[in-house]
Amino acid sequence: MAKRNNTWANIDWVIILLFLLLVFMGWLNIYAAVYNDEFQSILDTSQRYGKQLIWIGAAFILAFIILLIDTSFYVFFSYILYGVLVLLLITVLFVGKEINGARSWFTIGGFGFQPSEFMKFATALVLARYMSVFGFKIHKLKSLATIAAIIFTPVLFILLQNDTGSALVYFSFVLVLYREGLSGIVLFFGTLIAVLFIMALITPGITLYLVLLGVALLIFLILNTKLIQFARIFAAYLISIILFFLLNLVTETEYGLANVLIAGSLLGSVVILLVSLQKRLKNYAVISLVFLGSVLFTLTVDYGFENLLESHHQARINELLGIESDPLGAGYNVNQSKIAIGSGGSWGKGYLKGTQTKFNFVPEQSTDFIFCTVGEEWGFAGTSVVIVLFLILLMRLIWLAERQRSGFSRIYGYSVAVILFFHFMVNIGMTIGLMPVIGIPLPFFSYGGSSLWSFTILLFIFIRLDASRFDQF
Amino acid sequence: MNVLSKRKFVVLAIFAFVGVIFIISLFRLQVLDSTYKQYATNNVLRLVTQYPARGLVFDRNGKLLVYNKTAYDLLITPREVSKFDTTLFCNLLNISKEDLETGISKATKYSRYKPSILIKQISPERFAVLKEQLYKFQGFHTQSRTLREYSSTAAAHALGYVGEVSGSDIQKDGYYKSGDYIGISGIEKTYEKQLRGVKGVKKNLVDVYNRVQGSYRNGEEDIPARIGKNITSTIDLDLQLYAEQLFQNKRGSVVAIEPLTGEVLAIVSAPTYDPGLLVGRVRGKNYSELLADTLKPLFNRSLLAKYPPGSTFKPLNVLIGLQEQAIQLYTKFTCSGQGSRPIRCTHDHITPTNVVQAIRESCNAFLWNTFRSILNNSKTSAEGFNVWYNYVKSFGIGQNVSSDFSNGLKGDLPTEEYYNNIYGKGHWNALTVRSLSIGQGELGVTPLQMANYGSILANRGFYFEPHIIKKIEGDFISQSFKIKNEVQINQEYFKPVIEGMSQTVHQTNLVYTSKIPDIEMCGKTGTVENNQGSDHSVFVAFAPRENPEIAIFVYVENGVWGSRYAAPMASLMVEKYLTDSISSNRKYIEKRMIDANVLNPIQPK
């Protein structure tokens with residue numbers, strides 16, 4: 001049994017060890033990524049590995065300070081920190097420096113500072129604070145509205161900075177909410193929306209509707225005991241579609257087969273919905289409603305994709321989904337990244353012997369694409385070790401979060417885990433072509449002071465909270 | 001909270017799911033799929049061709065004929081080019097601003113990332129100046145290439161020239177890439193494979209901007225270029241130069257052969273040209289100028305001109321007559337001079353003549369009678385003709401006499417069918433084809449064939465394939481050069497013929513112009529009838545009479561008489577070759593020959 005009231009004795013050294021391992025491996029790979037024969041001194045601060053070494057040192061000091069600060073500080077100052085960072089997010093919109101199309105950086109004397117990175121832990125703190133209040137009920141409208149406000153305020157300003165990647169991170173909080181009681185239906189619909197979103201972009205017009213219609217009919221069929229009832233449903237759709245087909249002929253307008261099918265199936269669903277509501281057939285109502293929603297959603301996605309997303313996001317999503325293959329255009333990054341990782345083979349080419357990363361074939365090789373260096377120089381052995389290390393870290397975080405007595409610590413712990421998870425999933429997924437190229441760093445690995453410090457703060461606040469889990473506050 | 005805490009498993013399951021997906025994907029990408037390794041190699045490896053120096057060509061005495069000089073190509077990589085001082089650039093390279101602009105846009109069209117040649121073959125002198133200033137021009141670099149350089153202007157036709165490969169060359173031989181050089185004529189073409197060497201490959205590592213970062217695996221896999229093999233020619237440079245000097249302002253050809261080996265000592269087609277004109281950036285311009293020249297300097301007369309041999313053919317007809325017993329050593333024919341029928345004899349001489357006298361006096365009447373006897377010796381004229389034909393053929397007339405020249409012609413030796421087609425089978429006889437008796441008519445021979453004929457006379461009945469290559473460094477020359485080709489004429493019949501040829505030089509007017517002190521040269525003049533201008537001057541000879549060291553054939557177009565130019569020029573070359581100098585009492589002849597201008601087709605009688 002750990003001693004009460006002794007922070008140092010209760011610190012989870014496993015997490016700290018994992019943290020040190022990842023940071024060290026990250027630095028080794030940054031060194032390899034920018035290594036060349038001219039600059040070999042590891043302390044050369046004109047090179048990225050030299051700078052990263054300074055930032056690692058600073059991160060250690062930061063971590064130490066965090067461990068010294070009393071836990072109540074984070075509870076009481078959470079709103080203030082949040083407020084200050086939101087203000088910084090707004091300020092950066094006006095005085096920030098634009099890097100890679102995103103206006104999200106303050107530059108002070110050559111060093112960059114990215115408020116959106118630090119916004120994450122502040123949001124997590126506020127979320128934890130708000131949701132851990134005694135008597136908090138997640139399904140109250142007021143609660144949901146407040147949570148939405150807490151999460152989407154930063155998202156709004158980060159989107160305004162044109163930094164989509166960082167904004168998407170905040171959607172990972174849905175897992176925290178789920179753990180804290182948010183209905184599983186939300187997760188289900190979240191997944192459905194994601195699948196529909198991708199399907200809407202991948203499949204050309206009519207196919208998706210036919211699939212949706214087929215799936216809906218199949219579910220109707222499974223739910224039904226009597227064939228006659230299914231025949232009625234089938235008839236409802238068929239008649240609606242024929243109706244629109246005739247309408248098309250009569251008005252002599254060319255809406256096309258796809259539009260006729262869509263309109264017909266939508267009308268059919270509405271009819272079934274109304275009839276089943278009247279007859280109190282709850283299952284039928286839900287199915288037709290979900291079908292209606294899905295069709296409307298995909299229509300919206302098609303429209304939104306064409307009209308709302310910026311062209312470089314469109315191109316990147318297109319590339320990811322295999323819609324447009326253009327190895328020298330939008331797909332270039334992913335292609336080169338896959339080549340670098342794939343060429344590593346089982347055991348890699350050896351440390352500092354990677355050719356793809358060394359000769360700049362991989363873009364952003366020390367930041368967003370640092371995983372390529374791991375893949376090329378350390379091979380499958382290296383990449384699986386990194387993935388396993390991250391998984392251990394994430395699972396350890398969940399396990400630690402679950403052992404917290406206070407809701408605040410638990411919610412914050414989950415937030416840390418899901419934020420790190422989201423970065424892990426998107427960053428590595430991006431380098432191996434499973435995710436769109438949205439530039440977010442790999443925690444502890446990627447080059448950059450802001451991201452390293454923000455992840456360090458994020459993690460060590462939780463380590464501090466965990467160390468005081470026996471305290472009452 | 002207990003219920004909700006079970007939800008941690010859902011979250012953990014999501015984490016694990018993503019982790020497993022990643023591990024599986026990475027396993028596929030890194031372990032199962034090997035194509036990415038190939039892509040990676042393609043990304044970073046640039047193969048740079050290493051061009052070998054072309055083999056050198058020496059003359060038979062080891063004097064350098066053809067060697068290499070370094071020239072530099074200026075390459076441009078458009079994406080690396082930044083603003084530069086175009087005026088300075090153009091001045092350094094002596095090009096116009098328009099040339100530069102079109103060059104750059106052409107290169108950009110080809111590739112923005114890959115280097116392409118902007119300016120070819122910059123001379124070392126200009127390069128030295130350019131090199132100092134090159135740092136001012138980003139995106140430009142140079143590569144060295146070797147160009148041919150000639151120690152003298154001699155033997156342009158024999159040596160041939162080198163140029164860029166054509167599309168069909170590339171299709172025929174995968175060795176060549178666009179922009180490579182290939183031998184286009186002469187020795188350069190025939191011995192291309194030996195001279196070119198073998199290209200090497202250097203594997204360089206490049207970064208994403210195609211900048212060279214070093215060699216691949218420390219050059220372990222580099223293949224060094226193997227330089228071309230040096231070739232020793234049979235040409236005697238001094239004799240060749242002397243022949244070309246004699247032939248200045250004349251049209252025609254001379255071929256000199258060492259009879260016992262078949263080695264070509266000199267081979268001239270006049271007018272000739274400076275081989276240096278067809279090298280480097282000026283090649284295209286010079287080539288079209290030479291092509292447009294009405295004197296046709298690019299036309300290689302020694303291999304391609306089909307000349308009637310005229311009277312130089314007479315010894316051959318006499319030899320056939322003797323061998324076929326159509327005439328005997330004691331046979332004499334009377335000559336009525338201008339009144340001779342069916343061929344009049346233009347020469348004023350004693351009559352009747354025997355074999356020796358007939359050759360000395362070049363008696364047309366004797367030759368007509370001999371020729372008629374040969375054809376009438378068989379049952380039909382056609383059969384007799386075929387006997388004659390086979391002898392002539394064995395002398396290399398109408399044949400590809402050498403495999404060592406890439407573009408030699410067979411020449412014309414009419415066949416039985418040829419006459420059958422014209423006159424009908426059985427409707428022609430010796431009289432019909434009488435011109436053949438004096439080396440006129442349908443006969444067309446190349447100077448190379450006639451020099452070889454001189455060789456056969458010198459050797460008394462055999463020859464070795466005339467060739468121009470004596471030795472290839474680290475390789476063998478063709479075995480066919482060693483084969484002794486015998487003609488079906490008994491050696492004894494050469495005796496009177498050679499006696500007649502000796503008397504031609506020493507007992508006719510030729511004694512004043514063509515007799516070499518202390519060397520017995522045997523020769524036969526020819527005056528070839530020409531309807532388009534003055535007759536051609538022809539001479540075939542060898543010397544010394546015993547153990548001959550040189551056989552020679554000289555043809556001077558529009559030279560009026562065989563004795564006017566061809567014979568004295570041949571004598572000078574023989575003297576020069578055998579004694580290394582021209583005796584003082586013959587200097588005036590040398591001067592007269594060198595100074596003579598025979599370019600006008602109409603020459604005074």
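Let's start with one residue: B:Arg196 has a relative accessible area of 13%, so this arginine counts as buried. The model it belongs to is a predicted one, and the side chain of B:Arg196 is a friendly way into it.

**Around B:Arg196**

B:Arg196 forms a salt bridge with B:Asp173, at 3.5 Å from N to O. This contact joins distant parts of chain B: B:Asp173 lies in the loop between α8 (167-172) and β7 (181-183), while B:Arg196 belongs to helix α10 (residues 192-196), and the two are 23 residues apart. With a relative accessible area of 22%, B:Asp173 is partly exposed.

B:Arg196 has another partner too, as it lies over the face of B:Tyr175, 3.8 Å from the ring centre. B:Tyr175 is partly exposed, because its relative accessibility is 22%. The ring of B:Tyr175 also pairs with that of B:Tyr176: the centres are 5.2 Å apart and the planes stand at 85°, so this is an edge-to-face pair. B:Tyr176 has a relative accessibility of 5% and therefore counts as buried.

**Salt bridges**

Over all chains, the structure holds 30 salt bridges. Here are three of them, with their N to O distances.

| Pair | Distance (N to O) |
|---|---|
| A:Arg396 and A:Asp12 | 2.3 Å |
| B:Arg54 and B:Glu188 | 2.9 Å |
| B:Asp173 and B:Arg196 | 3.5 Å |

In chain A, the salt bridge between A:Arg396 and A:Asp12 spans 384 residues, from helix α16 (residues 370-402), which holds A:Arg396, to the loop between α1 (7-10) and α2 (13-34), which holds A:Asp12. A:Arg396 is partly exposed at 22% relative accessible area, whereas A:Asp12 is buried at 6%.

In chain B, B:Arg54 and B:Glu188 share a salt bridge, and both residues are buried. B:Arg54 sits in the loop between β1 (45-50) and β2 (57-58), and B:Glu188 in helix α9 (residues 186-190), 134 residues apart. Shared partners join these two with B:Arg148 and B:Glu192 into one network of salt bridges.

**Aromatic rings**

Searching the whole structure gives 45 aromatic pairs over all chains. One of them is formed by B:Phe137 and B:Phe140, whose ring centres are 6.5 Å apart with planes at 90°, which means the pair is edge-to-face. Both B:Phe137 and B:Phe140 are buried.

Ring pairs also build a cluster in chain B, whose members include B:Phe313, B:Trp388, B:Tyr419 and B:Trp428. Elsewhere, B:Lys484 places its charged end over the ring of B:Phe462, at 4.2 Å from the centre.

Note on methods: Residues are numbered from 1 along each chain as its sequence is written. Chains are lettered from A and ligands numbered from 1 in the order in which they are written. This is a predicted model: local features need pLDDT of at least 70, side-chain atom pairs count only at pLDDT 80 or more; totals for chains, interfaces and linings use all residues. Side-chain values use heavy atoms; hydrogens and water are left out. Rings of Phe, Tyr and Trp (its six-membered ring) pair if their centres lie within 6.5 Å; planes under 30 degrees apart count as stacked, over 60 as edge-to-face and the rest as tilted. Buried means under 20% relative accessible area, exposed over 50%, partly exposed in between (1.4 Å probe, protein chains only). A charge sits over a ring if NZ of Lys or CZ of Arg is within 6 Å of the ring centre and within 35 degrees of the ring normal. A salt bridge is a side-chain nitrogen of Lys or Arg within 4 Å of a carboxyl oxygen of Asp or Glu. Helices (H or I, at least four residues) and strands (E, at least two) are DSSP runs, numbered from the N terminus.
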